[in-house]
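Hi,

Here's the structure I promised to pass on. Have a look at it first, and then read my notes underneath.

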Amino acid sequence: MSSSPGSSHPHDDLLAHLTRTSPLGPREAARVVAEVLAYFSETTEEYVRRRHGELQARGLTNEKIFARLAEELPARRVAAPGLSARQLRRIVYG
């Protein structure tokens, strides 16, 4: 993700801040920014499916998982709409 002369990264100011305030080099900072942007670009459906799998792997029941997801979704960077347990179930199981 290094920029060639004359071109710029869309987040140059953030990359400069990270390299100035952390031990990250320019390439590492660009990778971290790309990872964070990818994380926050998940759709609601992708997030619900991923988290359902993670929580299920920890042994939580669907009842607890869906309650937890309903609490987590409004805190997402781009707030998701309020979803009922039934809507969450449909996202996971179709």
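Below is what I found, going helix by helix and then pair by pair.

One thing to keep in mind from the start: this is a predicted model.

**Helix 2**

Let's begin with helix 2, which covers residues 26-40. A quick sanity check works nicely here: with 15 residues at 1.5 Å a residue, helix 2 should span 21 Å, and its end C-alpha atoms are indeed 21 Å apart, so the two agree.

Which residues of helix 2 are buried? They are Ala 29, Ala 30 and Val 33. These three cover an arc of only 100 degrees around the axis, so they sit on the same side of helix 2. If you're wondering how that fits with the spacing along the chain, remember that an α-helix has 3.6 residues a turn, so residues three or four places apart point the same way. Turn to the face of helix 2 that points away from the buried side, and you'll find the exposed residues Arg 27 and Glu 35.

Leu 37 belongs to helix 2 as well. Is Leu 37 buried or exposed? It falls in between: its relative accessible area is 43%, so Leu 37 counts as partly exposed. Leu 37 and Leu 69 are 32 residues apart along the chain, and their C-alpha atoms are separated by 21 Å.

Carry on past helix 2 and you reach Ser 41, in the loop between helix 2 and helix 3 (44-57). Ser 41 has a relative accessible area of 52%, which makes it exposed, since the cut-off is over 50%. From C-alpha to C-alpha, Ser 41 is 21 Å from Phe 66, and the two are 25 residues apart in sequence.

**Helix 1 against helix 2**

What do the buried residues of helix 2 pack against? The partner is helix 1 (12-21). Two packed helices are described by the angle between their axes and the distance between the axes. Here the axes of helix 1 and helix 2 come within 9 Å and cross at roughly 120 degrees. That angle makes helix 1 oblique to helix 2. On the helix 1 side, the contact uses Leu 14, Leu 15, Leu 18 and Thr 19, while helix 2 brings Pro 26, Ala 29, Ala 30 and Val 33. The crossing is right-handed.

Leu 15 is worth clicking on. It lies in helix 1, and with 11% relative accessibility it counts as buried, because the cut-off is under 20%. Leaving out residues up to four places away in sequence, Leu 15 touches His 9, Ala 29, Ala 30 and Val 33. Leu 83, on the other hand, is 68 residues from Leu 15 in sequence and 36 Å from it in space, C-alpha to C-alpha.

**Helix 5 and its partners**

Now move along to helix 5 (residues 85-93), which packs with helix 3 at an angle of about 85 degrees, the axes being 9 Å apart. Helix 3 and helix 5 are therefore roughly perpendicular to each other. Helix 3 makes this contact with Glu 45, Val 48, Arg 49, His 52 and Gln 56, and helix 5 with Leu 88, Ile 91, Val 92 and Tyr 93.

Helix 4 (residues 62-72) also meets helix 5: their axes come within 10 Å and cross at roughly 105 degrees. This makes helix 4 roughly perpendicular to helix 5. Look for Asn 62, Phe 66, Leu 69 and Ala 70 in helix 4, which meet Ala 85, Leu 88, Arg 89, Val 92 and Tyr 93 in helix 5.

Cheers

Technical notes
Residues numbered from 1 in each chain as written. Predicted model: local features only at pLDDT ≥ 70, side-chain atom pairs only at ≥ 80, totals over all residues. Heavy atoms only, no water. Helix = DSSP H or I, 4+ residues; strand = E, 2+ residues; numbered from the N terminus. Expected span 1.5 Å × (residues − 1). Buried < 20%, exposed > 50% of the residue type's maximum accessible area, 1.4 Å probe, protein only. Arc of directions from axis to C-beta. Contact = heavy atoms within 4.5 Å. Axes fitted to C-alpha atoms, helices over the stretch in contact; angles between N-to-C directions. Parallel < 35°, antiparallel > 145°, perpendicular 65-115°, else oblique. Left-handed = near helix turned anticlockwise from the far one by under 90°.
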